[in-house]
Amino acid sequence: MAPENQLSGKPLIIWDFDRTIMDDDSDRWVVVEMGLTQLFNQLRQTLPWNSLMDRMMEELHSQGKTIEDITNCLNRVVLNPQIISAIRAAHAHGCDLKVLSDANQFFIETILKNHGIYDCFSGIITNPTSVDEAGRLRIFPYHGSAVSPHGCDLCPPNLCKGFVLNKIQDPTSQAIKKRVVIYIGDGGGDFCPTLKLGGEDHVMPRKDFPLHRLISKSSTPIKPKVHEWSNGEELNKTLIRLIDLVSLKV
Ligand SMILES: [Mg+2]
Ligand SMILES: [Zn+2]
C-alpha cells in the first residue's frame with residue numbers, strides 16, 4: 001500500500017489572476033475603460049475594495065450600461081500568448097489548475113472564456129458575483145456570507161487565500177493523496193498562502209512585485225522553493241520545467 005504522505009505525480013497549480021494571468025489588473029481595467037476613475041478615486045478611502053467595486057457596478061447600471069457593455073470591455077483585455085500557452089500545456093500535462101483571486105467571478109470567467117482557456121481550470125475561487133433582476137452586476141466578498149470570517153491578520157477581510165489553500169488541500173478525503181503545489185502570484189495577498197506551503201511545494205513570485213519583496217524580507221522561513229519570473233516567457237519556461245521535475249520525482 002502506498003504510504004499516506006506519498007505525493008501524487010501531477011502538481012496542483014494555483015494561479016493568481018491580476019498581474020499574473022492578466023498582465024494588468026482586471027478591476028483597474030474596467031474602472032479606467034468605463035470612465036469611472038474619478039468616482040473610484042473619490043470613494044477609495046471610504047469603502048473596502050470589494051464593496052467599492054460593487055459600488056462601481058451600481059454606477060455603471062445607473063448610467064444605463066449593461067452586462068453586455070461590461071463583457072465587451074472585458075473582451076478587450078489581451079493576455080500574453082506565452083501565459084496562455086503555459087496554461088494549455090499544464091492542462092494537457094494532466095495538472096490540476098485553479099484560479100485563486102481577489103478579483104471576481106464575472107471578470108475572471110469572462111476573460112478566460114474569451115481566450116478559450118476557461119476549461120483548463122477545475123475551479124475559480126474568488127469573490128462571487130450575480131446579476132440582479134434589474135440587470136446590475138453585484139460583487140460580494142468571498143468571506144462573510146456562505147463562508148465565515150477568517151480572522152487572518154495578513155489578509156483583507158473579504159478573502160484569505162491561505163484559508164482557501166488549506167481548504168483545497170484538506171486531507172479529510174482519504175482517497176486524495178497529497179499533491180505538490182505550484183503557486184504563481186504577484187501580490188501581497190499571495191504571501192499568506194505562500195507561508196502555508198511545504199518543502200515539497202514551489203512558489204513562483206513575479207519579480208519585483210509585492211509577493212517577491214515579502215518573500216525576500218520575510219522573517220518567517222519560506223518552506224517552498226522559490227522561482228521568480230518577470231514575463232510570460234519566463235513564467236512559461238519555469239512552469240514547464242517544474243511540472244517535468246515534479247512528475248519525474250514520482
Ligand atoms: Mg495579483
Ligand atoms: Zn490569510
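M204 is a good place to enter this predicted model. Leaving out residues up to four places away in sequence, M204 touches I182, Y183, I184, H227, W229, L235, T238 and L239. Several of these names come back when we look at the largest nonpolar core, which has 56 residues. Within that core, M204 belongs to the group that touches the most other members, together with I13, I14, W15, I182, Y183 and L239. As general background, nonpolar side chains in soluble globular proteins tend to be buried together.

**Strands around M204**

M204 sits in β7, where it stands opposite I184. Strand β7 covers residues 202–205 and pairs with β6 in the parallel sense, over four bridges. What can be said about the surroundings of β6? Seven of its seven residues are buried, so β6 is largely enclosed by the rest of the structure.

**The whole protein**

Stepping back for a moment, the protein contains 10 helices and eight strands. Its C-alpha atoms fill a box of roughly 60 × 40 × 35 Å along the principal axes. A compact globule of 250 residues would have a radius of gyration near 18 Å, and the value for this protein, 18 Å, agrees with that. Of the 250 residues, 37% count as buried. Contacts that reach far along the chain are well represented: among those between residues at least 6 apart in sequence, 63% join residues at least 24 apart.

**First annotated site: D16, D18 and D186**

UniProt, in an unreviewed entry, places the feature "binding site" at D16, D18 and D186. These residues span 171 residues in sequence, yet no two of their C-alpha atoms are more than 8.2 Å apart, so they gather at one spot.

D186 lies in the loop between β6 (179–185) and α8 (191–195). Setting aside residues up to four places away in sequence, D186 touches D16, R19, T20, P205, R206, F209, P210 and L211. One of these partners, D16, carries the annotation too.

D18 is found in another loop, the one between β1 (8–15) and α1. With residues up to four places away in sequence left out, D18 touches D25, S26, S101 and A103.

**Second annotated site: D27 and D102**

The unreviewed UniProt entry also gives the annotation "binding site" for D27 and D102. They span 76 residues in sequence, yet their C-alpha atoms are not more than 9.8 Å apart, so they gather at one spot.

D27 lies in helix α1. Apart from its neighbours within four places in sequence, D27 is in contact with M53 and A103. A103 is also among the residues that D18 touches, and so A103 appears in the contact lists of residues from both annotations. D102, for its part, lies in strand β2. Not counting residues up to four places away in sequence, D102 touches T126, N127, L159 and G189.

Are these annotated aspartates buried or exposed? The table lists the neighbour counts for four of them, together with I83, which is discussed further on. A residue counts as buried here when 20 or more other C-beta atoms lie within 10 Å of its own.

| Residue | Other C-beta atoms within 10 Å | State |
|---|---|---|
| D18 | 22 | buried |
| D186 | 22 | buried |
| D27 | 20 | buried |
| D102 | 23 | buried |
| I83 | 23 | buried |

**I83 and a long-range approach**

I83 has its place in helix α5 (residues 81–92). Which residue 153 places away along the chain has its C-alpha atom 6.2 Å from that of I83? The residue is N236. Leaving aside neighbours within four places in sequence, I83 is in contact with I21, G232, L235 and N236. L235 links back to the opening of this report, as it is one of the residues touched by M204.

**Helix α6 and its packing**

Helix α6 spans residues 105–114, and its buried residues are F106, F107, I108, T110, I111 and L112. What do these buried residues pack against? Their partners include two helices, α1 (26–33) and α4 (67–74). They also pack against the strands β2 (96–104), β3 (123–127), β4 (129–131) and β5 (137–139). Two of those elements are already familiar: α1 holds D27, and β2 holds D102. Just after α6, G116 takes a positive phi of about 70°.

Terms used:
Residues are numbered from 1 along each chain as its sequence is written. Chains are lettered from A and ligands numbered from 1 in the order in which they are written. This is a predicted model: local features need pLDDT of at least 70, side-chain atom pairs count only at pLDDT 80 or more; totals for chains, interfaces and linings use all residues. The radius of gyration is taken over C-alpha atoms; the globule rule is 2.2 Å times the number of residues to the power 0.38. A residue is buried if 20 or more other C-beta atoms lie within 10 Å of its own, exposed if 12 or fewer, and partly exposed in between; C-beta atoms are placed from the backbone. Two residues are in contact if their C-beta atoms, placed from the backbone, lie within 7 Å. UniProt positions are given in the numbering used here, feature names are shortened, and annotations may be inferred rather than shown by experiment. A nonpolar core is a set of buried Ala, Val, Leu, Ile, Met, Phe, Trp, Tyr and Cys residues joined through C-beta atoms within 7 Å. Two strands pair if DSSP finds at least two bridges between them.
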